[in-house]
Amino acid sequence: LWKQLARELPGDIELRCPGGIMVAETDRQMRLLHEKVELERSHGLNIGMIDGRELNRRASYISDHVLGASFCPDEGMANALAAVAALADGARDAGAAFMLNARMERLEASGGGWRVDTVGGPVRCDRVVIAAGWSSGSIANTAGVTLPLEHRVIQMIATEACATFVEHLLYHCEERLTLKQVINGNVLIGGGWDAPRHAVFARPAVLQHSLPASAAVARRNVA
């Protein structure tokens, strides 16, 4: 799907498919990773195990003590900001109409279709697709539908731009680690580390003790 979008959408979404590597540092983690790979292969995923020697050949930037990893050649990444803008432009070119600054207030079934009340006026349609992230739950609630969504704030580290050395998407099979290097050279380090909301302004804030913990996992696995 993403490869097709990259061909069809206007503009460059910076799609790359270098493959994804999930590392294991202990024998127990290797066993867990084997089980995960077997399950994924049983569902048709193109993924396999590689040992430490093959891992070093494919990704010499990974620390020598890592015992092995799974490798999926189909995994990739795109520039999220560029992709959103390109999707909007592509939809507009295909005839989609946009109502900007028109917050939805109510959604209800009406005459075999739907009525969507917004601050910009009502909209009637045959089908509704709710694609509003974590706000989708509150939108669905206005139509009496409960979606089991929970909002969490997480943070990541973005380094200064540097020469390219991370070629893949990197994960850990047990630790909280995701790591990738984007086209302009920044390394993004994440893994689901919690972040709070500012007590006064309610916007996401930085949880200071998550920063060294996240960085430590990355330093241990990347030489």
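A residue counts as buried under 20% relative accessible area, as exposed over 50%, and as partly exposed in between. The views below use this scale, and they show a predicted model.

**Seven strands form an open sheet.** The strand order is S2-S3-S1-S8-S9-S10-S7, and the pairing is mixed. Strand S2 (48-51) and strand S7 (154-158) are the edge strands, each pairing on one side only. From one strand to the next, the twist averages 25 degrees.

**Strands S8 and S9 pair in the antiparallel sense, and helix H6 packs on the sheet.** The pairing of S8 (residues 169-172) with S9 (residues 178-181) runs over two bridges. Tyr171 has Thr178 of S9 as its bridge partner. Helix H6 (residues 210-221) touches strand S1 (20-24), S7, S8, S9 and strand S10 (187-194). The direction of H6 makes about 125 degrees with that of S10.

**The largest nonpolar core has 20 residues.** Ile21, Val23, Leu55, Ile62, Leu170 and Leu179 have the most contacts inside this core. At least two core residues come from each of S1, strand S3 (68-72), S10 and H6. S10 gives the most, with three residues. A second, separate core has five residues, among them Leu5, Leu9, Ile13 and Ala83.

**Ile21 is one of the residues with the most contacts inside the largest nonpolar core.** Leaving aside residues up to four places away in sequence, Ile21 touches Leu55, Ala59 and Ile62, among others. The list of residues touched by Ile21 also includes Ala69, Ser70 and Phe71, as well as His168, Leu169, Leu170 and Tyr171. Of these neighbours, Leu55, Ile62 and Leu170 are themselves named among the core residues with the most contacts.

**Lys36 and Glu40 form a salt bridge within helix H2.** The structure holds eleven salt bridges, and this view shows one of them. The closest N and O atoms of Lys36 and Glu40 are 2.7 Å apart. Both residues lie in H2 (residues 27-42), four residues apart, which is about one turn of the helix. Lys36 has a relative accessible area of 29% and is therefore partly exposed. Glu40 is at 17% relative accessibility, so Glu40 counts as buried.

**Asp194 and Arg152 meet in a salt bridge through their side chains.** The distance is 2.5 Å, N to O. Because Asp194 lies in strand S10 and Arg152 in the loop between helix H5 (136-141) and S7, the pair ties together parts that are 42 residues apart in sequence. Asp194 is partly exposed at 36% relative accessibility. Arg152, with a relative accessible area of 48%, is partly exposed.

**Glu175 and Arg220 form a salt bridge.** The closest N and O atoms of Glu175 and Arg220 are 3.5 Å apart. Glu175 lies in the loop between S8 and S9, and Arg220 lies in helix H6, so the pair ties together parts that are 45 residues apart in sequence. Glu175 is partly exposed at 34% relative accessibility. Arg220 is partly exposed at 34% relative accessibility. Salt bridges that share partners join Glu25, Glu175 and Arg220 into one network.

**Tyr61 and Phe165 form an edge-to-face aromatic pair.** The count of aromatic pairs comes to one. The ring centres of Tyr61 and Phe165 are 6.5 Å apart and the ring planes stand at 90 degrees, so the pair is edge-to-face; planes over 60 degrees apart count as such. Tyr61 sits in the loop between helix H3 (52-58) and S3, and Phe165 in the loop between S7 and S8. The pair thereby links distant parts of the chain, 104 residues apart. Tyr61 is buried, with a relative accessible area of 7%, whereas Phe165 is partly exposed at 35% relative accessibility.

**Asp117 is a buried residue of strand S5.** S5 covers residues 113-118. The relative accessible area of Asp117 is 16%, so Asp117 is buried. Not counting residues up to four places away in sequence, Asp117 touches Arg103, Met104, Glu105, Arg106, Glu108 and Pro122.

Technical notes: Residues numbered from 1 in each chain as written. Predicted model: local features only at pLDDT ≥ 70, side-chain atom pairs only at ≥ 80, totals over all residues. Heavy atoms only, no water. Pairing = 2+ DSSP bridges. Axes fitted to C-alpha atoms, helices over the stretch in contact; angles between N-to-C directions. Contact = heavy atoms within 4.5 Å. Core = buried A, V, L, I, M, F, W, Y, C linked by side-chain atoms within 4.5 Å. Buried < 20%, exposed > 50% of the residue type's maximum accessible area, 1.4 Å probe, protein only. Salt bridge = Lys/Arg side-chain N within 4 Å of Asp/Glu carboxyl O. Phe/Tyr/Trp six-rings, centres within 6.5 Å; stacked < 30°, edge-to-face > 60°.
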